[in-house]
Amino acid sequence: MPSEISPTARALRALEILQTRPGTTADELADRLGVTERAARRYVGILREAGIPVSSARGPHGGYRLGRGTRLPPVTFTQTEALGLVMAVLDSHPDADGDDLVDTALGKVIRALPDDVGRQAAALREHASAAPDRYAARPDTAVTSELVAAIAARRRVLVTYRGESGSEWAAEVDPWAVVVRYGRWYLLCHSHRAGAIRTYRVDRVLAVEHTDLAFVPPDDLDPVAALEEHLGTGWQFTTRVVFDAPLADVAPWVGAQMGRLEAAGDGCVLVGSTRNPAMYAQEWLASVPYPFRVEGGPELRAAVGALAERLAAAVTEP
């Protein structure tokens with residue numbers, strides 16, 4: 001432990017150690033603090049002078065222990081820490097509801113926060129909907145906070161966004177909801193730039209500028225369902241793929257971002273759109289373990305053809 005750490009800081013660290021590990025000996029305390037045994041005993045003395053009851057006992061079951069009823073300093077959070085805590089719970093525990101133990105504990109933490117910090121954390125918890133999965137991409141807490149504040153206030157915002165290709169643009173949007181899906185944070189909104197519903201990755205939002213223009217979201221808005229519906233629509237290149245397998249078999253392999261999957265005779269058909277045909281072919285279609293043919297979208301047909309040629313070349317005898 002660096003020498004510039006103050007005696008008070010080490011004493012508080014000693015208090016934390018004794019709280020979590022009752023029965024810690026002077027040798028063990030010294031080792032944890034990075035000081036001599038004599039110095040460790042001195043920090044215990046500082047705690048006692050501060051009115052914190054610390055008892056000691058010799059023998060195999062001895063060591064230092066805090067007295068019963070010891071009141072420890074309260075835990076405090078900055079606004080960034082509080083928002084990060086809420087985001088972490090939504091990332092890792094998206095199914096929490098009012099009766100869930102994790103959700104109940106989070107509610108108690110938020111209520112214990114100072115008003116200015118607690119309001120932001122409560123707004124994030126209320127206005128961020130979660131849909132579970134396994135990936136992670138954490139956006140900036142400050143950007144997320146600005147978006148959630150606009151959602152709560154129902155105020156239009158101007159967002160600066162960086163697309164997948166690295167290009168940047170500004171869009172005036174009505175922010176309807178923040179949704180956590182596949183571990184990624186999305187802004188579901190109405191884009192006045194596109195004149196349509198759009199979903200933006202929050203981790204690609206570079207800046208948020210508030211306006212005084214109010215908006216009213218759809219009365220029957222289901223943020224998660226709306227996001228699922230629009231992830232696979234509205235992009236530049238249309239797609240239509242027919243699978244020679246029942247819908248029930250194909251459905252587990254097809255994400256909502258690929259489009260809408262419907263039964264068609266003995267098989268099923270996937271209709272959607274994409275802005276990246278190569279990714280659609282290589283990462284999504286190639287993972288589906290059932291025969292298919294691309295009936296719509298010349299760009300997707302070309303991407304699948306290029307992938308097929310590359311794979312065929314990989315197994316051709318020299």
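**Figure 1. The largest nonpolar core, and the residues with the most partners in it.** Of the 27 residues that make up this core, L147, V159, V173 and L187 touch the most other members. At least two residues each come from α4 (79–92), α6 (115–127), α7, β4, β5 (168–181), β6 (184–191) and β8 (205–214). The largest share, five residues, is supplied by α7. Please keep in mind that this view, like those that follow, shows a predicted model.

**Figure 2. A closer look at V159.** Which residues does V159 touch, not counting residues up to four places away in sequence? Its partners are L147, W169, A170, A171, V173, V205, A207 and V208. Two of these, L147 and V173, appear together with V159 in the group of core residues that touch the most other members.

**Figure 3. The whole chain, for orientation.** It may help to step back before the next close-ups: the protein contains 11 helices and 12 strands. Of its 318 residues, 40% count as buried. Among the contacts with a separation of 6 or more, 59% are made by residues 24 or more positions apart.

**Figure 4. Helix α3 and its two sides.** Helix α3 covers residues 37–49, 13 residues in total, and spans 19 Å from its first C-alpha to its last. That is close to the 18 Å expected at 1.5 Å a residue. Buried in this helix are A39, A40, Y43, V44 and L47. These residues are on the same side of α3, because they cover an arc of only 150° around the axis. On the other side of α3, look for R38 and E49, which are exposed. The helix is followed by G51, with a positive phi near 90°.

**Figure 5. R154, between a helix and a strand.** Most residues other than glycine have a negative phi. R154 is not a glycine, yet its phi is positive, at about 55°. You will find R154 in the loop between α7 (141–153) and β4 (155–162). Is R154 buried or partly exposed? R154 counts as partly exposed because its relative accessible area is 42%, which lies between the limits of 20% and 50%.

**Figure 6. The hairpin of β6 and β7.** Strands β6 and β7 (residues 196–201) pair in the antiparallel sense, over six bridges. Across the pairing, Y186 stands opposite R201 in β7. The two strands form a hairpin with four residues between them. In the turn, G195 has a positive phi of about 70°.

**Figure 7. H190 on one strand of the hairpin.** H190 lies in β6. With a relative accessible area of 22%, H190 is partly exposed. Leaving aside neighbours within four places in sequence, H190 is in contact with E172, V173, D174, W176, G195, A196 and I197. One of these partners, E172, is 18 residues from H190 along the chain, and their C-alpha atoms are separated by 8.6 Å.

**Figure 8. T199 on the other strand of the hairpin.** T199 is found in β7. T199 counts as buried because its relative accessibility is 8%, under the 20% limit. Which residues is T199 in contact with, leaving aside neighbours within four places in sequence? They are L187, L188, L227, H230, L231 and W235. L187 is also one of the core residues that touch the most other members.

**Figure 9. Y161 and Y200, a tilted aromatic pair.** A pair of aromatic rings is described by the distance of the centres and the angle of the planes. The count of aromatic pairs comes to four. In one of them, Y161 and Y200 are tilted, with 4.8 Å centre to centre and 45° between the planes. This pair links distant parts of the chain, since Y161 is in strand β4 and Y200 in strand β7, 39 residues apart. Both Y161 and Y200 are buried. Ring pairs also bring in W169, linking Y161, W169 and Y200 into a cluster.

**Figure 10. F243 and F292, another tilted pair.** Here the rings are 5.8 Å apart centre to centre, with 55° between the planes. F243 belongs to strand β9 (residues 237–243) and F292 to strand β12 (residues 292–296), so that distant parts of the chain, 49 residues apart, are linked. Are the two rings' residues buried or partly exposed? F243 is buried, with a relative accessible area of 1%, whereas F292, at 28% relative accessibility, counts as partly exposed.

Methods. Residues are numbered from 1 along each chain as its sequence is written. This is a predicted model: local features need pLDDT of at least 70, side-chain atom pairs count only at pLDDT 80 or more; totals for chains, interfaces and linings use all residues. Side-chain values use heavy atoms; hydrogens and water are left out. Buried means under 20% relative accessible area, exposed over 50%, partly exposed in between (1.4 Å probe, protein chains only). The expected span of a helix is 1.5 Å times one less than its number of residues. The arc is that of the directions from the helix axis to the C-beta atoms. A nonpolar core is a set of buried Ala, Val, Leu, Ile, Met, Phe, Trp, Tyr and Cys residues joined through side-chain atoms within 4.5 Å. Contact means heavy atoms within 4.5 Å. Two strands pair if DSSP finds at least two bridges between them. Rings of Phe, Tyr and Trp (its six-membered ring) pair if their centres lie within 6.5 Å; planes under 30 degrees apart count as stacked, over 60 as edge-to-face and the rest as tilted.
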